[in-house]
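The following exercises are to be worked with the sequence and the three-dimensional model at hand. Each task is followed by a solution in steps.

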Amino acid sequence: MVEKIGTLITEEEVAKRIEEMAKEISEEYKGRTLHLICVLKGGVVFMCDLAKKISVPVTMDFMAVSSYGDEKVSSGIVKIVKDLDDAIEGKDVIIVEDIIDSGRTLSYLIQILKERKPNTIKLCTLLDKPETRVVDVAVDYVGFEIPDKFVVGYGLDYAQKYRNLPYVGIIEQ
Ligand SMILES: O=P(O)(O)OC[C@H]1O[C@H](OP(=O)(O)OP(=O)(O)O)[C@H](O)[C@@H]1O
Ligand code: HPA
Ligand SMILES: [Mg+2]
């Protein structure tokens, strides 16, 4: 089935906002090395574009979690599919996500990663859907607040499709 996709945030708007976020992060982490943790798969497109605009030294690691499967509603269970390769003890970490929706994924991740004793740990997400929050999470960097709509593109999927769209879209039923 081919869904019809409407545009919510254009490619240009995303690029502009990512530049602003990268500038803010670069200023805050001046003189330090920043360890970016990408939450796969959704976070990968955003993290690549964000990292390219950050001016302080950056290292990267990747973690894969899954709670949505092929559905539009979270199963409520966050499953680690791939853990980090490297220790984060003493590092200045930012967890990079495509979206915070119920909050379950980031709340779970921050909890388990704090136990590994990073020097600092912050959260960064391209999209935030505040209306659908089930678990409270303090996010440090937010690209855009969006309404309660299932979105795709820029890393976000529906049944694994549409991650490569260069903009954020909404599936029109
Ligand atoms: O705030 P939440 O309700 O937890 O939703 C946000 C999470 O859900 C999606 O990932 P998903 O589990 O679908 O895996 P994916 O990144 O591989 O698509 C998205 O990429 C976030 O990681
Ligand atoms: O709106 C969404 N779209 C795609 N994946 C998601 N995972 C949580 N919310 C969403
Ligand atoms: Mg997903």
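**Exercise 1.** What covers the buried residues of H2?

Solution. The model is a predicted one. Begin with the helix: the buried residues of H2 are Val45, Phe46, Met47 and Leu50. Next, look for their packing partners: the cover over these residues includes H1, S2, S5 and S6.

**Exercise 2.** Identify the elements against which the buried residues of H3 pack.

Solution. In H3, the buried positions are Arg104, Thr105, Leu106 and Leu109. These residues pack against S2, strand S3 (58-66), S5 and S6.

**Exercise 3.** Describe the largest nonpolar core and determine which element supplies its largest share.

Solution. The largest nonpolar core holds 34 residues. Within this core, the residues with the most contacts are Leu36, Phe46, Ile94, Ile95, Val96 and Tyr154. At least two core residues come from each of helix H1 (11-28), strand S2 (34-40), helix H2 (44-53), strand S5 (92-100), helix H3 (104-114), strand S6 (120-128) and strand S8 (151-152). S5 gives the largest share, 6 residues. In soluble globular proteins, nonpolar side chains tend to be buried together. As a detail, take Ile94: when residues up to four places away in sequence are not counted, Ile94 touches Leu34, Leu36, Lys122 and Cys124.

**Exercise 4.** Is Met60 buried, exposed or partly exposed, and why?

Solution. Locate the residue: Met60 lies in strand S3. Then apply the cut-offs, by which 20 or more other C-beta atoms within 10 Å make a residue buried and 12 or fewer make it exposed. Met60 has 15 other C-beta atoms within 10 Å and is therefore partly exposed. Its contacts, leaving aside neighbours within four places in sequence, are Leu36, Cys38 and Ala51. Finally, consider Asp85, 25 residues from Met60 along the chain: the C-alpha atoms of the two residues are separated by 9.8 Å.

**Exercise 5.** Characterise the shells around ligand 1 and ligand 2 by residue class.

Solution. For ligand 1, there are 18 surrounding residues, of which Gly42, Tyr68, Asp101, Ser102 and Thr105 come nearest. By class, this shell comprises 5 nonpolar, 7 polar and 6 charged residues. S2, S5 and H3 each supply at least two residues of the shell around ligand 1, and the largest share, 4 residues, comes from S5.

For ligand 2, the surrounding residues are Tyr68, Ile99, Asp101, Phe150, Val151, Val152, Leu156 and Asp157. The shell around ligand 2 has 6 nonpolar and 2 charged residues, and no polar ones.

How values were computed
Residues are numbered from 1 along each chain as its sequence is written. Chains are lettered from A and ligands numbered from 1 in the order in which they are written. This is a predicted model: local features need pLDDT of at least 70, side-chain atom pairs count only at pLDDT 80 or more; totals for chains, interfaces and linings use all residues. A residue is near a molecule or strand if its C-beta atom, placed from the backbone, lies within 6 Å of it. Ala, Val, Leu, Ile, Met, Phe, Trp, Tyr, Cys and Pro count as nonpolar, Asp, Glu, Lys and Arg as charged, and the others, Gly among them, as polar. A nonpolar core is a set of buried Ala, Val, Leu, Ile, Met, Phe, Trp, Tyr and Cys residues joined through C-beta atoms within 7 Å. Two residues are in contact if their C-beta atoms, placed from the backbone, lie within 7 Å.
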